[in-house]
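Me: I'd like to understand the labels people put on a protein model. Could you go through one with me and set each value against its rule?

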Amino acid sequence: MISYVKIYGPPLLKALKTLEKVAIGMPEVCIMDTTIAASMGVPRVSMSVIEMGEPALDTQESVLKFFGGEDAISKERCDTIISKSGESLGEYDFYFQWFKKPNMKQVEDLIGRIDEALAPLGVKYTLTTKQR
């Protein structure tokens, strides 16, 4: 299952970085967002791999650097944080892909974490959880 997030209003980049921080502390999910997709050389809509001349997030070292170093994320988490499913972001800005089907309490916990993290930024969002 995937929980898709659509962010409304600025600051979009700060909101994406904030959601990335939320995900680092949730070992039951991996993620994809528009900044990660761009860093991987993947267009937002199609998610097909193309060469864009930017460094790809395909090594533990590059993932570690992207997330801010060992103070921000463990080397072990670097191996599982970014989704490798190739699932499209489509109209969404971010998604949390669950390793196992979440129960309602887990989804509600995710919503609470997102609410708390995004509140200081003043952005609004929608969350849609779907079977893929």
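Reply: Sure, here is a run through the labels, one question at a time. This is a predicted model, so local features need pLDDT of at least 70 and side-chain atom pairs count only at pLDDT 80 or more, while totals for chains, interfaces and linings use all residues. Residues are numbered from 1 along each chain as its sequence is written, and side-chain values use heavy atoms, with hydrogens and water left out.

Me: What makes something a helix or a strand, and how many of each are there in the protein?
Reply: Helices (H or I, at least four residues) and strands (E, at least two) are DSSP runs, numbered from the N terminus. By that rule the protein has 5 helices and 4 strands. From the N terminus on, they come in the order β-α-β-α-α-α-β-α-β.

Me: How do you know that the length of helix H1 agrees with its number of residues?
Reply: The expected span is 1.5 Å times one less than the number of residues. Helix H1 (residues 12-24) has 13 residues and should span 18 Å; its end C-alpha atoms are 19 Å apart, so the two agree.

Me: Why is Gln97 called buried?
Reply: Buried means under 20% relative accessible area, exposed means over 50%, and partly exposed is in between (1.4 Å probe, protein chains only). Gln97 has 9% relative accessibility, so it counts as buried. Its place is in strand S3 (residues 94-98).

Me: And what makes S3 "mostly covered"?
Reply: In S3, 5 of its 5 residues are buried. Phe94, Phe96 and Trp98 point one way from S3, Tyr95 and Gln97 point the other way, and all are buried. Over the protein, buried residues make up 42% of the 132 residues.

Me: Why is Lys100 called exposed?
Reply: Lys100 has 69% relative accessibility, so it lands on the exposed side of the cut-off. It sits in the loop between S3 and H5. Glu91, in the loop between helix H4 (75-78) and S3, is exposed too, because its relative accessible area is 60%.

Me: Which residues does Gln97 touch, and what counts as a contact?
Reply: Contact means heavy atoms within 4.5 Å. Leaving aside neighbours within four places in sequence, Gln97 is in contact with Met1, Ile2, Glu28, Val29, Cys30, Ser83, Ser85 and Arg132.

Me: What makes the pair of Gln97 and Ser85 a polar contact?
Reply: A polar contact is a pair of N or O atoms within 3.5 Å; within protein, one must be able to donate a hydrogen and the other to accept it, and residues adjacent in sequence count only if both atoms are side-chain atoms. The side chains of Gln97 and Ser85 make such a contact at 3.2 Å, and a polar contact has to be within 3.5 Å, so the label fits.

Me: How do you know that S1 and S3 pair?
Reply: Two strands pair if DSSP finds at least two bridges between them. Strand S1 (residues 2-8) is joined to S3 by 4 bridges, and the two run antiparallel; the rule asks for at least two, so they pair. Tyr4 has Tyr95 in S3 as its bridge partner, and Ile2 stands opposite Gln97. On S2 and S3 there are 5 bridges, again antiparallel, and Ile31 has Phe96 as its bridge partner in S3.

Me: What is the order of the strands in the sheet?
Reply: The open sheet of 4 strands has the order S2-S3-S1-S4, with antiparallel pairing. Why are strand S2 (29-33) and strand S4 (124-130) called edge strands? Each of S2 and S4 pairs on one side only. The twist averages 20° from one strand to the next.

Me: Which strands does H1 lie across, and at what angle to S3 does it run?
Reply: Axes are lines fitted to C-alpha atoms, for helices over the stretch in contact, and angles run from 0 to 180 degrees between N-to-C directions. H1 lies across S1, S2 and S3 and runs at about 15° to S3. Helix H5 (residues 104-118) lies across S1, S3 and S4, at about 160° to S4.
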